[in-house]
Amino acid sequence: MKLIIAVIRPEKLPDVLETLYRMDVTGLTATRVQGHGGELERVETYRGTTVRMNLQDKVRLEIGVSDTFVERTVKAIMDAARTGEIGDGKVFVLPLDEVHRIRTGEVGREALTPVGIDPHLETVS
Amino acid sequence: MNAADTTWMLISTALVLLMTPALAFFYGGLVRAKNALNTMMMSFVSLGCVGVTWFLLGYTLAFGTGSALFGDLSMVLLRGVGLDVAPGSTIPKLLFMAYQGTFAIITAALISGAVVERMRFMAYAAFITLWSLVVYCPVAHWVWGGGWLSRMGALDFAGGTVVHITAATAALVAATFIGPRKDYARQAILPHNVPFTILGAGLLWFGWFGFNGGSALAANGQAVLAFVNTLVAPAATLLVWTALDMTRTGKVTAAGSATGIVVGLVAITPAAGFVSPISALAIGAIAAVPSHFAILYRSRTRLDDSLDVVAAHGLGGTVGALLTGVFADKAWGAPVNGLLFGNPRQFLIQAVAVAATIAFTAGVTLALLKLVAAFGSLKATSNEEGLGLDFSQHGEEAYASGDGALLLLSEALPRSAAQLSPSKGGLL
């Protein structure tokens, strides 16, 4: 099991969600965050006060997936979130020790798999 | 000069001026957060660019004696527009000029609803400034300045054709010519602040008492009638609109209610001083239906009239102008009766006025858009749309947190800043 954390552009969120849903990745958490990578400074002026906005608005996605889903999830995010400009974001893949589904008490892979999908599905489309 | 009339017209002028900031809130709430300032600025800028051109040139083009089609240059730079009483009224010429100026300002600002979230700001400002001179001023002359529509007997109390049909026709042409937003019909585009929209609708209603009540140009019975009709008609529209909402979704929507109020205000505008309050109730109620269904239909088409200027102002204005020809009543001070009171010809005259206004506005607006497009792109780039027009056009954000922002001294602007500043689309 892996925890995938992706930081993406807010305007690419609808595209990413659409692609993930098409890949049957339906369980995720999205948070509005501010961050800074290697992008150019964004300069704004408010009544004569000129400021450099160091932090850019981003969306952070957290997705816990079973091993068979890692590759397709990462690929979906990479493809849908890319504009080719600096500031497209990052995808981090972390090991995940345990998952508990609060409603049923299921543990591990059963807890990760959305309702209605076979948890023992091995093939990656 | 009559002191009571002058007082009422001073107040009315201020009330109508308030409608432009009100429109900024109405429209500003309906767009996404990243375009909120730009959308509000599209209304606000009209206070400057259309206001100044009105004082310099627009007023004489609209209200100079001229011919049946155009005014003249007799009052250019406000020459002869002084504190003496305007002929046929009891208020100073200068006040009449200022009052009419607030109409020119809001009419141009209304167009912005069709092109928000994508039209480049400088191109927009140039467009509405010229539009006001070549479309609004001639049509105002036709109807109020002694031009051919008034000679034909067309009734337009406070600007159903002059204000709402011209703005909506221009909106339709501009939305079609500029094209849809890149996300239109691809992603959900939701209003970011419906309370702003409700605030705007409320302030529009408040200002509209000056718009309609002031169009009597005196503190008299006709002003009272127009004022009360401005209260009655939108109330009826609101009720019918919410009923239509209920039958479709089972819920009354707030954004829909705000829109319904504006449609009612638009519809009663041409009729306000000519019809009985019960007729106003009928006009308000009837006007809700076509606009309500037009909004539902429009959102399924490729026409990205983003904030439904055509459905609200075009259909509302047309219904109001035609129904003025139905409900006009000499017993309530109209110069002629309408269809309902035995004068079917008035309905035809109203229809001709509407058709002529639409045809003239569409043609001239299209030519003007092509002219402005020759000096620079009308549409923001796809990248600028993605970043939002607040940042790309104004270098500000409506809801900047300021977290992590570094103060820059003006002489130390980083060179890289230029790389992220919006690309120039040409001269404008």
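In this short talk I will go through the two chains of this model, chain B and then chain A. Please keep in mind throughout that the model is predicted.

Let me begin with chain B, which holds 15 helices and one strand. Its C-alpha atoms fill a box of roughly 70 × 55 × 40 Å along the principal axes, and of its 428 residues, 54% are buried. How does the radius of gyration of chain B agree with that of a compact globule? For 428 residues such a globule would have a value near 22 Å, and chain B has 21 Å, which agrees. If we take the contacts in chain B between residues at least 6 apart in sequence, 76% of them join residues at least 24 apart.

Helix 1 of chain B, residues 3–30, is a good place to pause. Its 28 residues, at 1.5 Å a residue, should span 40 Å, and the end C-alpha atoms are 41 Å apart, so the expectation and the model agree. Helix 1 of chain B also bends by about 25° at Pro21(B), and it is mostly covered, since 20 of its 28 residues are buried.

Turning to chain A, we find three helices and six strands, which follow one another along the sequence as β-α-β-β-β-β-α-β-α. The globule rule gives 14 Å for the 125 residues of chain A, but its radius of gyration is 17 Å, well over that value, so chain A is more spread out than a compact globule. The box filled by its C-alpha atoms is roughly 60 × 30 × 20 Å along the principal axes, and buried residues make up 23% of the 125 in chain A.

Note on methods
Residues are numbered from 1 along each chain as its sequence is written. Chains are lettered from A and ligands numbered from 1 in the order in which they are written. This is a predicted model: local features need pLDDT of at least 70, side-chain atom pairs count only at pLDDT 80 or more; totals for chains, interfaces and linings use all residues. Helices (H or I, at least four residues) and strands (E, at least two) are DSSP runs, numbered from the N terminus. The radius of gyration is taken over C-alpha atoms; the globule rule is 2.2 Å times the number of residues to the power 0.38. A residue is buried if 20 or more other C-beta atoms lie within 10 Å of its own, exposed if 12 or fewer, and partly exposed in between; C-beta atoms are placed from the backbone. Two residues are in contact if their C-beta atoms, placed from the backbone, lie within 7 Å. The expected span of a helix is 1.5 Å times one less than its number of residues. The bend at a residue is the angle between axes fitted to the seven residues ending there and the seven starting there.
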